[in-house]
Structure formats: C-alpha cells, structure tokens
Amino acid sequence: KIIILDFGSQFTQLIARRVRELNIYCEIYPFNNIPQFDGEVKGVILSGSPYSVRQEDAPQVDLTEIQNKYPILAVCYGAQYIAHINGGSVEASNTREYGRANLQTLNNSNPLFKGIAVGSQVWMSHGDTITSVPESFEIIASTDHVKVAAYHIKDTNTFAIQFHPEVTHSIDGKKLLENFLVGICGCSQDWTPDSFIESTINSLRNKLGNDKVVLGLSGGVDSSVAAILLHKAIGTNLHCIFVDNGLLRKDEFAQVLEQYKHMGLNIRGVDAKDRFLSQLAGLKDPELKRKAIGRVFIEVFDDAAHEVKDVVWLAQGTIYPDIIESISVKGPSATIKSHHNVGGLPDFMKLKVVEPLNTLFKDEVRKVGKSLGIEDFILSRHPFPGPGLAIRILGDVTPEKVDILQQADAIYINILKEEGLYDKVWQAGAIFLPVQSVGVMGDERTYENVICLRAVESVDGMTADWCHLPYPVLARISNEIINKVKGINRVVYDISSKPPATIEWE
Ligand code: XMP
C-alpha cells in the first residue's frame with residue numbers, strides 16, 4: 001500500500017482516488033499524525049497545502065526516516081518543502097503559475113517520466129515557486145515559467161513535482177503516478193473490488209468469530225453493501241433492523257424490505273410510523289424536528305437491538321470520507337456524534353463497532369456492491385436524508401402532508417426514471433410548501449398548497465447546482481401532480497445553487 005501524507009490540500013483525496021483507480025490501495029494521514037508503518041507500505045506521497053513553506057506556522061514533518069526507507073513522491077507544497085529543508089530556495093512567484101502549462105523539457109530517462117513526451121500538458125496551482133535547488137538535486141522537467149517543474153534527488157528514491165498529477169488536466173498525470181507507484185515503488189496492481197471483498201470477508205470472520213452483530217439498514221447504498229458483506233462473512237449471526245419512520249418515500253419500506261429479504265438477509269422491519277409522527281406533532285423548527293427524529297430512532301433501534309440476545313457488535317456503513325474528515329488536518333468535525341450524546345448513551349452504543357466500508361470511497365462502495373450482486377435498484381438510488389420527508393415538509397409535519405408529499409414525490413421520481421433522467425441527476429425530491437395560493441379547476445376556485453421540485457447535480461453534496469431539466473419534462477411532472485394529487489394546485493421549480501442555498505429546504 002501507499003501512504004499519502006496530507007498537508008491540507010484540497011486535492012489530497014483526489015490523489016488517493018487516482019492511486020486506487022490504478023488498483024493500488026492507499027491511505028491518507030494528516031502530516032501531524034503519522035502512524036507506525038507496517039510491512040505493507042511501499043511508498044509515500046506528500047500532498048500540496050494551502051500554506052507557504054515561508055510561513056512560520058507552515059506544516060513541518062521529520063522525513064529523515066521515511067526518506068531512508070521508502071520512495072517518496074512530493075507534490076506541490078511537498079516538493080517545495082523538501083527543497084526548502086535541504087537548502088533550496090522557495091519564493092513567491094511573480095508570474096502566473098495557475099492552470100495549464102506544458103513541460104518544455106523533461107528527462108525521459110528518469111523513471112518518473114518513462115513514456116511521457118516533451119510538451120505534455122500539466123496543471124499548476126501554486127503561489128510560491130522553487131527558485132533554486134541544492135547540488136544533489138537534478139531538475140528533471142521545466143515549463144516556460146517554472147524552471148523546477150520536477151526534480152529528483154540524485155542516487156535516492158525521492159522525486160518531486162510542482163504540478164498536480166492527480167487532476168485530469170494533467171494529461172499524463174496518471175501515467176506519472178503509475179511510473180512512481182509501479183516502476184519505482186514496485187506496487188502490484190491487484191487491489192480490485194473482488195480482492196477487497198475476499199480479504200474483507202476473511203478479516204470479518206476472524207474479527208467476529210461466532211459473535212452476534214446488529215446493523216441498522218436505511219435502504220441506502222452504504223448500509224446495504226455493509227450488510228451483504230457481513231452476511232457473506234457471518235450469515236445469520238448478522239441481525240438487520242430496518243425502521244419505518246413513516247417519513248420514507250411512497251411504498252419504499254415494503255419494496256426495500258422485500259428486496260433485502262430476497263437477498264437472504266436476516267432482517268426485521270420495525271413499523272414505528274406512529275411513534276415518529278406523534279413525537280413530531282406540532283414541531284415547526286427544523287432543528288427540533290431533526291432532534292426528535294434522532295431521539296425516537298435511537299429509542300426504537302435500542303428496543304429492537306435488545307431483542308437480539310447476546311449481541312456484541314454494532315455494524316455501521318461508515319465510509320472513508322467520514323473517517324478522513326474525522327482525522328483531518330482541519331480537525332475532527334463535531335457534528336457526527338453530537339446528537340448521540342444527549343442524556344447518556346443508549347445500550348446499543350455500548351456495543352463494539354465494526355465498519356467494513358471505512359476504507360472505501362462512495363463509488364468504490366458501489367463497485368463492491370455490484371460485485372456482490374446487489375441490484376442497481378439499490379446501488380443507484382439518490383441520497384436520501386435520515387430525517388426523510390420531515391425536512392421536505394416545511395413547518396409542522398402531519399400524516400396528511402406526508403401523504404400528499406409521498407404522492408407528488410412518487411410522480412416526480414417515476415417521470416425522471418421514465419424519461420431516462422434519474423441517473424443523470426445526483427439528487428431529486430419534492431418539497432411541500434405550507435403556502436396556499438389561489439387556482440381554478442373547472443369552474444371552481446381552489447385555495448391549496450404548493451409543491452416545489454428540486455433536482456441537483458453534485459459530486460459530494462458539499463456544493464451543488466440545479467439541474468436544467470427539459471421544459472417538456474417539467475411540464476409533464478407539473479400536470480400530473482396537479483391533476484392527480486388532491487391538495488396541490490401549483491408546482492414550482494427550485495433554481496438555486498448551493499451555496500448560497502442548500503439542497504434540502506430545512
Ligand atoms: P444540504 O441540505 O445540507 O444537504 O445541502 C446536503 C446533503 O445532505 C443530506 N442531508 C441530510 N442527511 N440527515 C441526513 O442523513 C440530515 O439531517 C440531512 N440534512 C441534509 C441532503 O439530503 C443532501 O444529500
């Protein structure tokens with residue numbers, strides 16, 4: 001495996017993605033929290049950083065031991081840092097060093113540039129630049145503006161580049177990474193979904209033995225893939241719990257439950273609709289609604305988990321980005337656990353935790369799911385928030401409003417599917433607006449509520465843009481909702497991006 005030391009660059013996760021696309025396993029660690037390397041480590045990549053090496057509080061790391069033992073590829077800040085600590089100079093650059101550039105000279109006989117031709121386009125993104133390097137450094141590539149685009153410390157396995165091989169604008173970036181990982185580090189490219197499945201099943205068997213495990217299924221991709229992996233490893237010792245909070249999409253509880261049973265899971269569906277809806281009655285504030293739902297979920301799950309005798313483990317579908325966030329250079333995010341800590345821990349929180357997907361990115365989870373034979377119906381579903389339709393009904397939630405929203409949402413989603421648009425949209429859903437407006441149906445005046453349609457494009461939900469759905473499709477959705485859903489006489493489309501809006505309305 002490869003270790004990536006993170007100095008806080010926005011591109012660090014992208015480096016990891018590229019390494020894994022080459023079927024090589026890698027892990028990211030913050031520069032100030034490096035683990036003891038095990039025998040599996042074959043090389044180290046240093047990331048970029050928003051800092052300048054000239055700043056007093058710039059990230060520092062003692063590389064002596066690593067440099068003696070492992071090949072290093074230093075990117076951007078990493079390259080400047082190694083030049084700086086070895087007596088080279090790094091200064092603020094006075095020419096533009098952002099965006100496209102071409103390697104005007106490069107040393108083809110250097111293993112890093114094997115198979116890469118002069119003229120290759122690379123992507124630069126730095127405010128500082130290396131202006132001189134010590135004697136022992138060989139400059140192995142330059143561009144018109146950047147003399148030290150890449151260097152190699154002679155007679156060592158330390159290589160450095162000021163451009164970013166991980167972004168797609170660096171045309172031969174993947175080739176360069178492959179040269180480093182395979183040619184220089186000697187990694188074999190055998191990390192695939194199937195090898196992940198095989199080794200994870202083995203390690204789950206060793207870890208869990210004959211212990212019983214509970215897992216909360218949500219119908220989403222992550223918990224489903226985690227469940228199937230565990231099921232393959234320990235069979236019926238895995239007890240799945242799927243809670244109907246009454247805030248799911250129309251017919252979803254029954255459909256998904258059926259699907260899970262079909263996959264052979266040992267699963268219990270818990271109908272807790274009334275418990276959730278009665279606790280929500282009269283609550284208008286979005287945060288109070290979320291808290292109530294979180295609290296009832298914990299109670300319901302705790303009760304159900306208690307019915308599994310002698311349970312030892314709680315399985316969770318946590319994925320790698322959550323882990324990276326919690327150990328990142330920028331500090332752990334407090335939001336993940338805060339709502340579990342109110343009023344003492346429920347019993348299930350005292351269980352040992354097992355997270356079989358905590359080394360995977362989202363698209364890797366989908367690939368593993370596909371290899372495990374999970375149907376597209378589950379793998380390609382849009383993200384859906386835990387509090388469900390409660391945060392898509394503005395203000396207080398009543399069973400009538402849930403019913404109206406479920407009908408409108410089902411019409412919307414079905415039309416997106418029929419028109420072949422569902423997979424092109426990252427997330428879509430209908431929102432119930434408790435605003436009444438006047439309409440006319442036949443000869444009658446109506447005074448009813450509004451449904452807003454939301455559809456966004458995004459990569460990770462952190463930023464998003466509204467989808468430019470074709471007008472004829474919007475027209476069809478609007479007609480069908482107004483004609484079929486009693487209580488709605490107006491449909492609008494949300495054309496706000498995130499930021500400054502958010503994806504959900506509450
Ligand atoms: P926002 O509205 O913050 O949403 O732009 C970003 C993504 O997060 C989902 N989301 C939630 N998921 N519990 C969840 O499990 C929540 O309380 C919650 N709020 C928002 C939202 O659906 C979108 O994918």
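Just after helix 1, Asn-23 takes a positive phi of about 60°. That is a handy place to enter this predicted model, since the residue sits in the loop between helix 1 and strand 2. Most residues other than glycine have a negative phi, and most peptide bonds are trans. Asn-23, with its phi near 60°, is a residue other than glycine. As for its surroundings, Asn-23 counts as partly exposed because 15 C-beta neighbours fall inside 10 Å, a count that lies between the limit of 12 or fewer for exposed and 20 or more for buried.

Helix 1 itself covers residues 12-21, and its buried positions are Thr-12, Gln-13, Ile-15, Ala-16, Arg-18 and Val-19. What sits over these residues? The cover includes three strands, namely strand 1 (2-6), strand 2 (26-30) and strand 3 (43-46), along with helix 4 (173-184) and helix 10 (320-327).

Strands 1, 2 and 3 also turn up together in an open sheet of 8 strands, ordered 2-1-3-4-12-11-10-7, with mixed pairing. Strand 2 and strand 7 (105-106) take the edge positions; each has a single partner strand, so one side of each is left without a neighbour in the sheet. Helix 3 (residues 77-85) packs on this sheet, where it touches strand 3, strand 4 (72-75) and strand 12 (158-161). The direction of helix 3 makes about 110° with that of strand 4. Within the sheet, strand 1 and strand 3 run parallel and are joined by 4 bridges. Ile-2 stands opposite Gly-43 in strand 3. Strands of a sheet pair through backbone hydrogen bonds, either parallel or antiparallel.

There is also an open sheet of 5 strands, in the order 15-14-13-16-17, and here the pairing is parallel. Strand 15 (267-271) and strand 17 (352-354) stand at its edges, and because each has a single partner strand, one side of each is left without a neighbour in the sheet. On average, neighbouring strands of this sheet are turned by 30° against each other, direction ignored. Strand 16 and strand 17 pair in the parallel sense over 3 bridges, and Trp-313 stands opposite Lys-352 in strand 17. Helix 9 lies across strand 13 (212-217), strand 14 (238-244), strand 15 and strand 16, and runs at about 145° to strand 14.

Another positive phi comes in the loop between helix 9 (286-306) and strand 16 (311-315), where Asp-310 is found. Asp-310 is not a glycine, yet its phi is about 55°. Is Asp-310 buried or exposed? Asp-310 is exposed, because 6 other C-beta atoms lie within 10 Å. Glu-400, in helix 14 (residues 399-418), is likewise exposed, with 9 other C-beta atoms within 10 Å. From Glu-400 to Ile-431 it is 31 residues in sequence and 14 Å in space, C-alpha to C-alpha.

Next come the cis peptide bonds. One joins Lys-498 and Pro-499, with omega about -15°, and another joins Pro-499 and Pro-500, with omega about 5°. Pro-499 belongs to the segment after strand 21 (488-493), and Pro-500 lies in the segment after strand 21 as well.

Lys-498 is also one of the residues around the ligand. Which others are there? The list holds Arg-290, Pro-383, Pro-385, Gly-386, Pro-387, Gln-427, Gly-461, Thr-502, Ile-503 and Glu-504. Sorted by class, the shell around the ligand has 4 nonpolar, 4 polar and 3 charged residues.

Zooming out, the secondary structure of the protein comes to 15 helices and 21 strands. The domain assignment gives domain 1 (2-184), domain 2 (193-379) and domain 3 (388-493). The C-alpha centres of domain 1 and domain 3 lie 48 Å apart. Taken along the principal axes, the C-alpha atoms fill a box of roughly 85 × 60 × 40 Å. Of the 506 residues in the protein, 37% are buried. Among contacts with a separation of 6 or more, 74% involve residues 24 or more positions apart.

Conventions
Residues numbered from 1 in each chain as written. Predicted model: local features only at pLDDT ≥ 70, side-chain atom pairs only at ≥ 80, totals over all residues. Near = placed C-beta within 6 Å. Nonpolar A, V, L, I, M, F, W, Y, C, P; charged D, E, K, R; others polar. Helix = DSSP H or I, 4+ residues; strand = E, 2+ residues; numbered from the N terminus. Contact = placed C-beta atoms within 7 Å. Pairing = 2+ DSSP bridges. Axes fitted to C-alpha atoms, helices over the stretch in contact; angles between N-to-C directions. Domains from an automatic or database assignment.
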